[in-house]
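Take a look at the model below. This report covers its pockets, then its sheet, then a pair of helices.

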Amino acid sequence: MRFMALPTPLPTPPLALRPIRPGDKAALAAGLTRLSRDSAYQRFLSPKPRFSASELRYLSEVDFVDHYALVATPVDAPGHVLAVGRWVRHADRPDSAEIAIVVADHLQGRGVGTRVGEALAAAARERGITRFTATMLPENRAARRLLARLTSSLHVRHDHGVDELAAVLLAA
């Protein structure tokens, strides 16, 4: 009988989390081109080969009150975006926000999304948000696990081929 050694996970490079800036447009566009088709599809629920100029404005010019976004960058290369997380407050329910996170393929499963999610949850609580919602494909188990880590109560509703999640944030 042969035993195969399991691969040792690569260490996650030192990352910095910081608020997104309008100057991150080019880094966001470049980051999208480096995502696998599957990762981009999981995040945007459809093929997404590039961002339009108006999408880049929306994604990078946020008010940090009703639309909050963070990027994870290598400590030694702050202009290179490896993950993006954001929430957008629901206009009809100000204590609730839609959350979305995307992590570069080579860093998925290494705690980067959790770090981004925890920072987003802390910022949300500081701004009176007690509930996150998310729309995702049913097979996106990693996103579901991440949201479950941030919450005390997770509800899932399947609707038209996607899962609609509602989650009460854990107290700080």
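The largest pocket has a volume of about 900 Å³. This comes from a predicted model, so every value here is computed from predicted atoms. Rolling a probe the size of a water molecule over the atoms shows where empty space is left.

What lines the largest pocket? Its lining holds 39 residues. Nearest its centre lie I101, N140, A142, A143 and L146. Several elements contribute at least two residues each to this lining. They are the helices α2 (37-44), α3 (53-60), α4 (112-126) and α5 (141-149), and the strands β3 (83-90), β4 (93-103) and β5 (131-136). Helix α5 gives the largest share, seven residues. By class, the lining splits into 19 nonpolar, 10 polar and 10 charged residues.

The second largest pocket holds about 330 Å³ of space. Its lining counts 23 residues. G31, L32, L35, V84 and V102 are the ones nearest its centre. Here α1 (25-34), α2, β3 and β4 each provide at least two lining residues. The largest share, five residues, belongs to α1. In this lining, 16 residues are nonpolar, three are polar and four are charged.

**The sheet**

How many strands form the open sheet, and in what order? There are seven, and the order is β1-β2-β3-β4-β5-β7-β6. The pairing is mixed. Strands β1 (15-19) and β6 (151-159) stand at the edges. Each of these two has a single partner strand, so one side of each is left without a neighbour in the sheet. On average, neighbouring strands are turned by 20° against each other, with direction ignored. In a regular strand the side chains alternate between the two faces of the sheet.

The table lists four of the strand pairs.

| Strands | Sense | Bridges | A bridge pair |
|---|---|---|---|
| β1 and β2 (67-74) | antiparallel | five | P19 with L70 |
| β3 and β4 | antiparallel | eight | G85 with I101 |
| β4 and β5 | parallel | three | S96 with R131 |
| β6 and β7 (162-169) | antiparallel | eight | H158 with D163 |

Start at the edge strand β1. It pairs with β2 in the antiparallel sense. P19 in this pairing has L70 of β2 as its bridge partner.

Move on to β3 and β4. A hairpin joins them through two residues. G85 stands opposite I101 in β4. I101 also appears among the residues nearest the centre of the largest pocket. Both strands supply lining residues to the largest pocket. Both do so for the second largest pocket as well.

Next come β4 and β5, which run parallel. Here S96 stands opposite R131 in β5.

The other edge strand is β6. It runs antiparallel to β7. The two form a hairpin with two residues between them. H160 sits in the turn, with a positive phi of about 50°. H158 has D163 in β7 as its bridge partner.

**A pair of helices**

Two packed helices are described by the angle between their axes and the distance between the axes. At what angle do α1 and α3 pack? The angle is about 110°, and their axes are 10 Å apart. That makes α1 roughly perpendicular to α3. The crossing of α1 past α3 is right-handed.

These two helices also return us to the pockets. Helix α1 is the source of five lining residues in the second largest pocket. Helix α3 supplies at least two residues to the lining of the largest pocket.

Conventions: Residues are numbered from 1 along each chain as its sequence is written. This is a predicted model: local features need pLDDT of at least 70, side-chain atom pairs count only at pLDDT 80 or more; totals for chains, interfaces and linings use all residues. Side-chain values use heavy atoms; hydrogens and water are left out. Two strands pair if DSSP finds at least two bridges between them. Helices (H or I, at least four residues) and strands (E, at least two) are DSSP runs, numbered from the N terminus. Axes are lines fitted to C-alpha atoms, for helices over the stretch in contact, and angles run from 0 to 180 degrees between N-to-C directions. On a 1 Å grid over the protein atoms alone, a cavity is a set of points where a 1.4 Å probe fits but cannot get out, and a pocket is an open set with protein on both sides within 12 Å along at least five of seven lines; lining residues have an atom within 4 Å of a point. Grid points are joined across faces, edges and corners, and a volume is the space filled by probe spheres set on the points. Ala, Val, Leu, Ile, Met, Phe, Trp, Tyr, Cys and Pro count as nonpolar, Asp, Glu, Lys and Arg as charged, and the others, Gly among them, as polar. Angles under 35 degrees count as roughly parallel, over 145 as roughly antiparallel, 65 to 115 as roughly perpendicular and the rest as oblique. A crossing is left-handed if the near helix is turned anticlockwise from the far one by less than a right angle, and right-handed if clockwise.
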